[in-house]
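Work through the exercises below with the sequence and the coordinates open side by side. Try each task before reading its solution.

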Amino acid sequence: MSGGESLPSATDGRRAAWVLAACQALYTSSVSIDLTLTGLVGYQLAADKSLATLPFSLIIVASALSTVFASFLMARVGRRAGFLLGATVGATGGVISVYAIFHHSFWAFCLGTATVGVFQAFAQYYRLAAADSVPAHAKSRAIST
């Protein structure tokens with residue numbers, strides 16, 4: 001919880017946990033799509049085929065480099081604002097990636113996938129936020145959901 005936020009009621013906490021579970025499911029789906037398609041698209045766009053997996057690698061590197069920043073930012077501005085920012089960054093990365101595919105630009109695709117990696121840094125906190133939204137006895141269930 002960031003400063004000034006009160007603890008949610010049990011009903012609000014369960015609702016928040018379900019919303020965050022849906023977000024986690026969408027995030028996990030996006031990771032699966034990235035894993036499946038990014039290498040193939042990279043192969044199609046790269047002039048040097050040895051760089052085909054660079055876009056996927058940039059997702060991982062950008063996520064790793066942004067995770068601590070995402071944590072500190074959400075501690076400062078709140079999780080809701082942090083998750084909204086993360087989703088906006090992810091949508092921007094998706095738009096950049098689509099643009100790159102349509103314009104056959106490998107390096108723009110790399111930029112788009114790196115931006116998606118920043119989104120993933122924020123999305124990794126959905127489960128923790130779900131656990132914090134419910135009473136202590138329901139934390140393990142919220143995380144597993």
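The exercises go from the whole chain to single residues and then to a pocket.

The model is a predicted one, in which local features need pLDDT of at least 70 and side-chain atom pairs count only at pLDDT 80 or more, while totals for chains, interfaces and linings use all residues. Residues are numbered from 1 along each chain as its sequence is written, and side-chain values use heavy atoms, with hydrogens and water left out.

**Exercise 1. The chain as a whole**

Determine how many helices and strands the protein chain has, and what share of its residues is buried.

Solution. Begin with the DSSP runs, where a helix is a run of H or I with at least four residues and a strand a run of E with at least two, numbered from the N terminus. The protein chain has six helices and zero strands, and its pattern along the sequence reads α-α-α-α-α-α. Next, take the relative accessible area, computed with a 1.4 Å probe on protein chains only, and call a residue buried under 20%, exposed over 50% and partly exposed in between; 37% of the 145 residues then count as buried. Finally, with contact meaning heavy atoms within 4.5 Å, residues 24 or more positions apart account for 73% of the contacts with a separation of 6 or more.

**Exercise 2. Annotation and helix 4**

Compare the "transmembrane region" annotation with the secondary structure, and check the span of helix 4.

Solution. The unreviewed UniProt entry places this annotation on residues 56-75, 82-100 and 106-126; its positions are given in the numbering used here, feature names are shortened, and annotations may be inferred rather than shown by experiment. Residues 82-100 are 100% helix and 0% strand, with end C-alpha atoms 27 Å apart, and residues 106-126 are 90% helix and 0% strand, with end C-alpha atoms 31 Å apart. For the span, the expected value is 1.5 Å times one less than the number of residues, so the 18 residues of helix 4 should span 26 Å, which agrees with the 25 Å between its end C-alpha atoms. As for covering, 14 of the 18 residues of helix 4 are buried.

**Exercise 3. Three residues**

Classify Thr38, Gln120 and His104 as buried or exposed, and locate each of them.

Solution. Thr38 belongs to helix 1 and is buried because its relative accessible area is 4%; leaving out residues up to four places away in sequence, Thr38 touches several residues, including Phe56, Phe109 and Thr113. Gln120, in helix 4, is likewise buried, at 6%, and its contacts beyond four places in sequence are Tyr27, Val31, Asp34, Ile59 and Ser63. His104, by contrast, sits in the loop between helix 3 and helix 4 and is exposed, because its relative accessible area is 62%; its C-alpha atom is 8.5 Å from that of Gln44, 60 residues away along the chain.

**Exercise 4. The second largest pocket**

Which element gives the most residues to the lining of the second largest pocket?

Solution. On a 1 Å grid over the protein atoms alone, a pocket is an open set of points with protein on both sides within 12 Å along at least five of seven lines, and lining residues have an atom within 4 Å of a point. The second largest pocket has a volume (the space filled by probe spheres set on the points, which are joined across faces, edges and corners) of about 340 Å³. Of its 18 lining residues, Ile33, Asp34, Gly94, Ser97 and Val116 are the closest to its centre. Helix 1 (10-45), helix 3 (79-102) and helix 4 (106-123) are the elements that give two or more residues, and helix 3 gives the most, with seven.

Technical notes
1 Å grid on protein atoms, 1.4 Å probe; cavity = no way out; pocket = protein on both sides within 12 Å on 5 of 7 lines; lining within 4 Å.
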